[in-house]
Amino acid sequence: MDRYAAAGDEAADRARQQERHYQLLSALQSLVKELPSSFQQRLSYTTLSDLALALLDGTVFEIVQGLLEIQHLTEKSLYNQRLRLQNEHRVLRQTLRQKHLEAQQSCRPHNLPVLQAAQQRELEAMEHRIREEQQAMDRKIVLELDRKVADQQSTLEKAGVAGFYVTTNPQELTLQMNLLELIRKLQQRGCQVGKAAL
C-alpha cells in the first residue's frame, strides 16, 4: 500500500513541477514580448522552455541575486579606487601650483621667464603622468569588469541556465543581458518557487 501512496505522491510532484514549468514558461513568453524584436527572434520556444526548467527549483534566482550583489560590490570598489586616484591627482596639482606660486613670489623679476618655462615643463610632465595613470586605472577597471562578466557567464553555464556560456561577442552578451533581465523581472514578480509552491 505504501508503494502506491509513494507513486501517487511522485505523480503529484511531477504534475506540480509540470504546472510550475508551464507558469514560468508562460511568464517568460509574456516578458519576451517587451524585448526588441531582434532579440525576440533569438529566443526560441526551446530556449525559453530550457530557461523555465532551470528556474524551477529557485536556485538560479538565488545565484543571479548573489552575482548581482558581487557585481555591485566590485563596481563600488572600482569606483572608489578611481575616486582615490582622482583625489591624489587633485592634491598633486594643488601642491604643484602652490610650489610654483611660492617660487614665483621669491624669484627675481629677470629670472621669472626662465622659472615659468621650467614650471610649465614640470606641469606638462605631471599632467602627462596623471593621464597615463588614469588610463592605466581605466584599463584595470575594464579588465576587472570583463573578468566578472566571464565569471558570471561561467557560473550560470554551470548552473544549467540556457543561453549562458563564456563569450565576448557583443550580440551574445546583449542576449545574455536580456536573459538576466527576464530572470530579474520574474524574480520581482514573485515567480520564484516558494515553499508552498512545491
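**Exercise 1. Decide whether H21 counts as buried or exposed, and describe its surroundings.**

Solution. H21 has a relative accessibility of 9% and therefore counts as buried, where buried means under 20% relative accessible area and exposed over 50%, with partly exposed in between, for a 1.4 Å probe and protein chains only. The model is a predicted one, in which local features need pLDDT of at least 70 and side-chain atom pairs count only at pLDDT 80 or more, while totals for chains, interfaces and linings use all residues. Residues are numbered from 1 along each chain as its sequence is written, and side-chain values use heavy atoms, with hydrogens and water left out.

Next, place the residue: H21 belongs to helix α1, residues 2–32, helices being DSSP runs of H or I with at least four residues, numbered from the N terminus. Then list its neighbours: leaving aside residues up to four places away in sequence, H21 touches S49, A52, L53 and L56, contact meaning heavy atoms within 4.5 Å. Finally, look at S49 again, whose backbone oxygen lies 3.1 Å from a polar atom of the H21 side chain.

**Exercise 2. Describe the largest nonpolar core and find which helix gives the most to it.**

Solution. The largest nonpolar core has 28 residues, and those with the most contacts inside it are L28, L43, L51, L55, L182, I183 and L186; such a core is a set of buried Ala, Val, Leu, Ile, Met, Phe, Trp, Tyr and Cys residues joined through side-chain atoms within 4.5 Å. At least two residues of this core come from each of α1, α3 (45–55), α4 and α6. The helix that gives the most is α1, with six residues.

**Exercise 3. Characterise the largest pocket by volume, lining and residue classes.**

Solution. Begin with the volume, which is about 410 Å³ for the largest pocket, a volume being the space filled by probe spheres set on grid points joined across faces, edges and corners. A pocket is an open set of points on a 1 Å grid over the protein atoms alone, where a 1.4 Å probe fits, with protein on both sides within 12 Å along at least five of seven lines, and lining residues have an atom within 4 Å of a point.

Of the 15 residues that line the largest pocket, Q71, Q152, Q176, M177 and L180 lie nearest its centre. Helices α4 (59–106), α5 (112–158) and α6 (170–188) each supply at least two lining residues, and α6 gives the most, with six.

Note on methods
A polar contact is a pair of N or O atoms within 3.5 Å; within protein, one must be able to donate a hydrogen and the other to accept it, and residues adjacent in sequence count only if both atoms are side-chain atoms. Ala, Val, Leu, Ile, Met, Phe, Trp, Tyr, Cys and Pro count as nonpolar, Asp, Glu, Lys and Arg as charged, and the others, Gly among them, as polar.
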